[in-house]
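Colleague: I am new to this structure and would like a close look at one part of it. Please take a single helix and follow it outward to whatever surrounds it.

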Amino acid sequence: MSVEHSHDLVNMECFDVTYTTDIIRKIVEDILNKNQFNSENIDKWSRQIVDSCQKSLSEIYNSFKTIITTMIIPKNDENIHIGNACLWDYQIDGSTIIKWENDSMYCVVSAFALSLSSTN
């Protein structure tokens, strides 16, 4: 599964948080939207999300290394606390965290894009 991209955004030179977030949210919704939490499907869903995000982001950020992580957990009374920190060029590189939920589960996806070109 891959998300269609408009031609003018292909081969982006700087990380676009809004556009990237929209792509990842669409992928997660397409994979999980009609499903209820089932521990037997977590590995499959996680792999689908990671692979689809990696493919879609590599199509638009082909001069970047991308890192994708995902976590799918059942919904209960527990809280989720997630954070990340990076040391990089904030004008080019970037990251985003997407939290998605339905009535039975949470899904959190983190995406990082690091430019392969040096600005020094």
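Modeller: What follows goes through the helix α1, its surroundings, and then some charged pairs elsewhere in the chain. The model is predicted, and the values below are computed from it.

Helix α1 covers residues 17-32. At 1.5 Å a residue, its 16 residues should span 22 Å, and the C-alpha atoms at its ends are 22 Å apart, so the expected and actual spans agree. At the start of α1, the backbone nitrogen of T18 has a side-chain oxygen of D16 within 3.1 Å.

Much of the interest lies in what the helix hides. Its buried residues are Y19, T20, T21, I23, I24, I27, V28, I31 and L32. The cover over them includes α2, β1, β2 and β3.

Some of these residues also belong to the largest nonpolar core, which has 28 residues. Among its members, I24, V28, L32, I49, I72, C107 and V109 touch the most other members. At least two residues of this core come from each of α1, α2, β1 (64-74), β2 (94-101) and β3 (105-115). In soluble globular proteins, nonpolar side chains tend to be buried together. V109 shows how the contacts reach across: leaving aside neighbours within four places in sequence, V109 is in contact with I24 and V28, and also with I49, C53, I68, T69, T70, T96, I97 and I98.

Just after the helix comes N33, in the loop between α1 and α2 (42-60). N33 has a relative accessible area of 47%, so it is partly exposed. Not counting residues up to four places away in sequence, N33 touches V28, W100 and N102. N33 and N102 are 69 residues apart in sequence, yet their C-alpha atoms are 7.3 Å apart in space.

Now the charged pairs. The structure holds five salt bridges. One of them joins R47 to D51, with 3.1 Å between the closest N and O atoms. Both lie in α2, four residues apart, or about one turn of the helix. D51 counts as partly exposed because its relative accessibility is 39%.

Another salt bridge links E101 and K75, whose closest N and O atoms are 2.6 Å apart. E101 lies in strand β2 and K75 in the loop between β1 and β2, so this pair ties together parts that are 26 residues apart in sequence. E101 also meets K99 in a salt bridge, at 3.2 Å from N to O. Through shared partners, K75, K99 and E101 form one network of salt bridges. Relative accessibility is 38% for E101, which therefore counts as partly exposed; K99, at 49%, is partly exposed, and K75, at 29%, is partly exposed.

Notes
Residues numbered from 1 in each chain as written. Predicted model: local features only at pLDDT ≥ 70, side-chain atom pairs only at ≥ 80, totals over all residues. Heavy atoms only, no water. Buried < 20%, exposed > 50% of the residue type's maximum accessible area, 1.4 Å probe, protein only. Contact = heavy atoms within 4.5 Å. Core = buried A, V, L, I, M, F, W, Y, C linked by side-chain atoms within 4.5 Å. Expected span 1.5 Å × (residues − 1). Polar contact = N/O pair within 3.5 Å; in protein donor to acceptor, adjacent residues only side chain to side chain. Salt bridge = Lys/Arg side-chain N within 4 Å of Asp/Glu carboxyl O.
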